[in-house]
Amino acid sequence: MSVRFRLLLLIASTIILLPAVVVLALGMPAFGAHPLPYGDAINRDAPGQRHISNMVSAVNFDYRGFDTMGEEFMLVTAVTGAVMLLRGTRGESPGAEPEEVPGRSVQPAGEAIVLICRLMLPVSLLFGIYVVLHATATPGGGFQGGVIIASAVLLLYLGDGYRVWRSIVRSRLLHLCEGGAAAAFVLTGLVPMLLGHAFLENILPTGQFRDMLAGWLMQIENLAVAFAVAGGFAMLFLEFLEETRAPKGEE
Amino acid sequence: MTLLLAALFVLVAATGTGVVLSRDPVRQVMAIAAHGLGLTLLFLALQAPDVAFSELTVGTAAVPLLFLVVLASIRNDRKGQ
């Protein structure tokens, strides 16, 4: 495609699309207006029905918990596919060495970076666990907390380097976290069915309003999502970082 | 719309333009992280803390890291051949 043709294409598509954009922009609801009734309905009913103060968790783990199960399996499938693609010809031996570019020396991380990483790792882990546990009380939840936990473990790589990271982070444990938590989510949904209720129906008492452990069945689903997301993201980080290791002859 | 929101919209537009205009891949990854941080502040100001949390963890930490690793991997392969 020549530059001239691309410019012509740009001008033609602008002329065709611009009126539509203007019409849409003028037809949008005013800034800050929310004409849909569902948000207000949830805000009105959820505290009384479910006794929890984070409406996003109420929606995610209860009112549309079945959708969340679909999302959970989307994540599992995506991570599994990425792992299969990346690991295909490479193998997974934990004793591999990081690849070095010829002619460029690898500088060890500075003392300040190592110290900050070692200090921040437990703090970040604790914060991730806090976010997971307070899913029904304050903003955040299993997904956000899970990503924070996975990122915190990554500080091992930043501070102590590839070998320490590889010797501590084991893929089998991460597989167990991810797959086991996804299975736990489904089994949690099936328990109410055994007792004659609907799938994922919240049959347990929902506890005190604003209590950290309010929500019961939501708490179990939230924990399952946290484990699945933490395991899935850590697995992605591990597999991507393995792409930078030195290739071995026998694998 | 308050002054804070207007400033944050301008910030998001500016960092987004920065992502498009940066030509060096490594700098572009940093621009993506900066754009994610701007979006996080905007979501926070619009009182959507859950979305802000997700954007902060995924948009400014996880995604830039994966891009950086891919760039490092590509560079290693080229040097080896």
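**Nonpolar cores and the shape of chain B**

Leaving aside residues up to four places away in sequence, A:Ala230 touches A:Gly146, A:Ile149, A:Ala150 and A:Cys177. The model in which these contacts are found is a predicted one.

A:Ala230 also belongs to the largest nonpolar core, which has 41 residues. Within this core, the members that touch the most others are A:Ala150, A:Val229, A:Ala230, A:Ala234 and A:Phe237. Five helices of chain A give two or more residues each to this core: α4 (65-87), α5 (111-133), α6 (142-168), α7 (171-194) and α8 (217-242). The largest contribution comes from α8(A), with 15 residues.

A second core is separate from this one and consists of seven residues, including B:Leu8, B:Leu42, B:Phe43 and B:Ala52. These four residues of the second core lead the description to chain B.

Chain B contains three helices and zero strands, and its pattern along the sequence reads α-α-α. The overall dimensions of chain B can be stated in two ways. Its C-alpha trace spans about 55 × 25 × 10 Å along the principal axes. Its radius of gyration is 15 Å, whereas a compact globule of 81 residues would have one near 12 Å.

Burial and contact separation complete the account of this chain. Of the 81 residues in chain B, 25% count as buried. Among the contacts in chain B with a separation of 6 or more, 43% are made by residues 24 or more positions apart.

Conventions. Residues are numbered from 1 along each chain as its sequence is written. Chains are lettered from A and ligands numbered from 1 in the order in which they are written. This is a predicted model: local features need pLDDT of at least 70, side-chain atom pairs count only at pLDDT 80 or more; totals for chains, interfaces and linings use all residues. Helices (H or I, at least four residues) and strands (E, at least two) are DSSP runs, numbered from the N terminus. The radius of gyration is taken over C-alpha atoms; the globule rule is 2.2 Å times the number of residues to the power 0.38. A residue is buried if 20 or more other C-beta atoms lie within 10 Å of its own, exposed if 12 or fewer, and partly exposed in between; C-beta atoms are placed from the backbone. Two residues are in contact if their C-beta atoms, placed from the backbone, lie within 7 Å. A nonpolar core is a set of buried Ala, Val, Leu, Ile, Met, Phe, Trp, Tyr and Cys residues joined through C-beta atoms within 7 Å.
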